[in-house]
Amino acid sequence: MTTSRLLAITLGLALHLDAHAADFTVTSTDIAPGQTLAPAQVFQGFGCTGGNLSPQLSWHGAPAGTKSYAVTLYDPDAPTGSGWWHWSVFNVPASTTSLPGGATASTLPAGAMQGRNDYGDSAYGGACPPPGDKAHRYQITVWALSVDKLPLDQHASGAMLGYMLNANALGKAQLTGLYGR
């Protein structure tokens, strides 16, 4: 096979995957895209007073071959040099297409696990940017994965999870809310 033919096939596959990834979307009854987070999704502590409840999420249009999902909530604007991981859930069965608001380890689908957030807990940790900062972006990403399970446990850091997600992603859908104080 010639190099130009191989390149054409590779580009065609990439465009095909990108087109299908555009069909993968995430929505929430608790968070509107680009809007301010409700008090329910704000952390309780560090000077913040909120409900510290994870948002309700629903997704559809995952790429063919999806074997599991993961969900992350990340603040790229945190003044840490590496952002702030607020929540991660992985090993969510492919048959699952939503998570309830206020999800906990006991209400997640069988086999799903929460990783460690940057507050030091294996649970949801709500928004709580420093006072006076502009509104931070809170990126909720649902990852469609090519594997049934990631080889991680509840102590997995955001960095390790991020590595495994990027290595196994078939597609991702993202919703961004805002919060400042």
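Here is a quick briefing on how this protein chain is put together.

What you're looking at is a predicted model, not an experimental one. The protein chain has 2 helices and 8 strands, and 5 of the strands join up into an open sheet. The structure also holds 1 cavity of 30 Å³ or more.

**The overall layout**

- If you walk along the sequence, you meet the elements in the pattern α-β-β-β-β-β-β-β-α-β.
- The protein chain has 181 residues, and 41% of them are buried.
- Take the contacts between residues at least 6 apart in sequence: 73% of these join residues at least 24 apart.
- The accessible surface adds up to about 9000 Å². Carbon and sulfur atoms account for 59% of that surface.

**The sheet**

- Going across the open sheet, the strand order is β6-β4-β3-β7-β8, with antiparallel pairing.
- The edges of this sheet are β6 (113–114) and β8 (169–179), and each of these pairs on one side only.
- As a general point, side chains in a regular strand alternate between the two faces of the sheet.

**Strand β3 and its two partners**

- On one side, strand β3 (residues 68–75) is joined by 7 bridges to strand β7 (residues 136–145), and the two run antiparallel.
- To see that pairing for yourself, find Thr72, whose bridge partner in β7 is Thr141.
- Strand β3 is also joined to β4 by 7 bridges, again in an antiparallel arrangement.
- A good pair to look up here is Val71 and its bridge partner in β4, Val89.

**Strand β4, out towards the edge**

- Strand β4 covers residues 84–93 and is mostly covered, with 8 of its 10 residues buried.
- Besides its link to β3, β4 is joined to β6 by 2 bridges, and these strands run antiparallel too.
- In that pairing, Phe90 stands opposite Met113 in β6.

**The cavity**

- The largest cavity holds about 40 Å³ of space.
- Its lining includes Ile31, Leu37, Gln41 and Pro55. Leu73, Tyr124, Ala127, Tyr138 and Ile140 also line this cavity.
- Sorted by class, the lining has 8 nonpolar residues, 1 polar residue and no charged ones.
- Two strands of the sheet show up in this lining: Leu73 falls within β3 (residues 68–75), while Tyr138 and Ile140 fall within β7 (residues 136–145).

Terms used: Residues numbered from 1 in each chain as written. Predicted model: local features only at pLDDT ≥ 70, side-chain atom pairs only at ≥ 80, totals over all residues. Heavy atoms only, no water. Helix = DSSP H or I, 4+ residues; strand = E, 2+ residues; numbered from the N terminus. Buried < 20%, exposed > 50% of the residue type's maximum accessible area, 1.4 Å probe, protein only. Contact = heavy atoms within 4.5 Å. Areas by Shrake-Rupley, 256 points an atom, 1.4 Å probe, with all protein chains shown as cover. Pairing = 2+ DSSP bridges. 1 Å grid on protein atoms, 1.4 Å probe; cavity = no way out; pocket = protein on both sides within 12 Å on 5 of 7 lines; lining within 4 Å. Points joined across faces, edges and corners; volume = space filled by probe spheres on them. Nonpolar A, V, L, I, M, F, W, Y, C, P; charged D, E, K, R; others polar.
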